[in-house]
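Dear colleague,

I am handing over the structure we spoke about, and below it you will find an account of what turned up in it. Please have it open while you read.

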Amino acid sequence: MADIKQFDTKEGIREEVKSLKRSGKRVGFVPTMGAMHEGHLSLMRLAREHADEVVVSIYVNPTQFGPDEDFEAYPRRIQTDIEKCENEGVYAVFTPTDKEMYLPERYLSIKIDEMADYMCGAHREGHFEGVLLIVNKLFNVVQPDVAAFGQKDIQQYALIHRMVREFDHDVELLMGPIKRADDGLALSSRNSYLTDEQRVQAPSLYRALGYVKKQIEDGVHQPNLLIGHQRDELEAKDFEIDYFGVYDFNTLKPVDTLEEGKTYTLAIAAYLGSTRLIDNMLIEL
Ligand code: AMP
């Protein structure tokens, strides 16, 4: 296996990808914030299935964190991450500094209408504007043929999908399924914040989603009462819920009554102590 290449500059990675493409290779891309787990690695494998070489970026993007969020505390394990990428046969990692990624002053931004009014967008002001800004920049820098994102961050995927269409990015998108621990908890870099006791509680979110999904599939097509009960039970277990509901798969608008033949996203976000957990399941009726 060839040694993995590491680039800290935009010019370095851009030239490398250009030369790969000139030699006829199709380039896959997986943007990450590092502290990698099986979810990240599964996206590298997915990208690999659709490309000849895979590039991974590792960058904790400041513009997607709110002033009271965990930017400083976010786990940073760059050397271990690079080793994990190397073991997955990743061709190159892009590990820029903030100074490399952003100009000192910024006069432009990406504004989101409606699609950020629900789910995480309603609770994390400016978060998705920051996500779209960095993904837009990374697409322009790396110029991949195909890029993989996780269903775990389903609103992020929907917005990036929309951005690619509205801003004419020449990239194919892939969505990888949620990787979970054996007890069902969706893997997340933020799970490392959980205490042992919270870690035992955390899979309750997955179980609540699974229960509601099953009830809907068994014919409950007005699930709000049911979700209300599950919400009460979670709150009794010390979860503080940001949202828990069924959303249209494409527009992410909340839905009260479900129809046969359509796809929905059942999604939840909740705090356990100071750790914010998210999870979702797709429902195809
Ligand atoms: P992050 O490093 O948190 O920005 O995540 C990088 C990518 O990994 C994003 O596309 C996430 O949606 C994806 N991801 C995060 N957690 C999981 C998971 N448990 N399963 C699959 N993909 C994930």
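Lys 5 and Glu 16 form a salt bridge in this predicted model, and their closest N and O atoms are 4.0 Å apart. The two partners come from distant parts of the chain, since Lys 5 sits in strand β1 (residues 5-7) while Glu 16 belongs to helix α1 (residues 10-22), 11 residues apart. Lys 5 is partly exposed, with a relative accessible area of 33%, whereas Glu 16, at 17%, counts as buried, because the cut-off for buried is under 20% relative accessible area.

Helix α1 also holds a salt bridge of its own, in which Lys 18 pairs with Glu 15 and the closest N and O atoms are 3.9 Å apart. These two residues are three residues apart within the helix, which is about one turn. Lys 18 is partly exposed at a relative accessible area of 38%, and Glu 15 likewise counts as partly exposed, at 37%.

How far apart in sequence are the parts that Glu 69 and Arg 124 tie together? Glu 69 lies in the loop between β3 (53-58) and α3 (78-87), and Arg 124 in the loop between α5 (119-123) and α6 (127-142), so the pair ties together parts that are 55 residues apart in sequence. The closest N and O atoms of this salt bridge are 2.7 Å apart. Here Glu 69 is partly exposed, with a relative accessible area of 28%, while Arg 124 is buried, at 11%. Elsewhere, salt bridges with shared partners join Glu 38, Arg 45 and Glu 88 into one network. The count of salt bridges in the model comes to 18. As background, side chains of opposite charge can pair when their charged atoms come close.

The ligand is the next topic. It is surrounded by 18 residues, and the closest of them are Met 33, His 40, Asp 153, Lys 179 and Leu 187. Three contacts may be worth looking at in the viewer. An N or O atom in the side chain of Asp 153 is 2.6 Å from an oxygen atom of the ligand. Gly 150 approaches through its backbone, where an N or O atom lies 2.9 Å from an oxygen atom of the ligand. Leu 187 also takes part with a backbone N or O atom, in this case 2.9 Å from a nitrogen atom of the ligand. On its own the ligand has 480 Å² of accessible area, and the protein covers 92% of that.

Which elements give two or more residues to the shell around the ligand? They are β2 (27-32), α2 (38-49) and β5 (146-150), and the largest share, three residues, comes from α2. Sorted by class, the shell consists of eight nonpolar, seven polar and three charged residues.

As for the chain as a whole, it has 10 helices and nine strands. Its radius of gyration is 19 Å, close to the 19 Å that the globule rule gives for 285 residues, so the chain is as compact as a globular protein of that length. Taken along the principal axes, the C-alpha atoms fill a box of roughly 55 × 40 × 40 Å, and buried residues make up 53% of the 285 residues.

Finally, some loop residues deserve a mention. Ala 35, in the loop between β2 and α2, has a positive phi of about 50 degrees although it is not a glycine, and this residue is buried, with a relative accessible area of 3%. Asp 168, which is not a glycine either, has a positive phi of about 60 degrees; it is placed in the loop between α7 (154-166) and β6 (172-176), and at 66% relative accessibility Asp 168 counts as exposed. Gly 24 lies in the loop between α1 and β2 and is exposed, with a relative accessible area of 61%. The C-alpha atoms of Gly 24 and Asp 52 are separated by 9.2 Å, with the two residues 28 residues apart along the chain.

With best wishes

How values were computed
Residues numbered from 1 in each chain as written. Predicted model: local features only at pLDDT ≥ 70, side-chain atom pairs only at ≥ 80, totals over all residues. Heavy atoms only, no water. Near = heavy atom within 4 Å. Polar contact = N/O pair within 3.5 Å; in protein donor to acceptor, adjacent residues only side chain to side chain. Areas by Shrake-Rupley, 256 points an atom, 1.4 Å probe, with all protein chains shown as cover. Helix = DSSP H or I, 4+ residues; strand = E, 2+ residues; numbered from the N terminus. Nonpolar A, V, L, I, M, F, W, Y, C, P; charged D, E, K, R; others polar. Salt bridge = Lys/Arg side-chain N within 4 Å of Asp/Glu carboxyl O. Buried < 20%, exposed > 50% of the residue type's maximum accessible area, 1.4 Å probe, protein only. Rg over C-alpha atoms; globule rule 2.2 N^0.38 Å.
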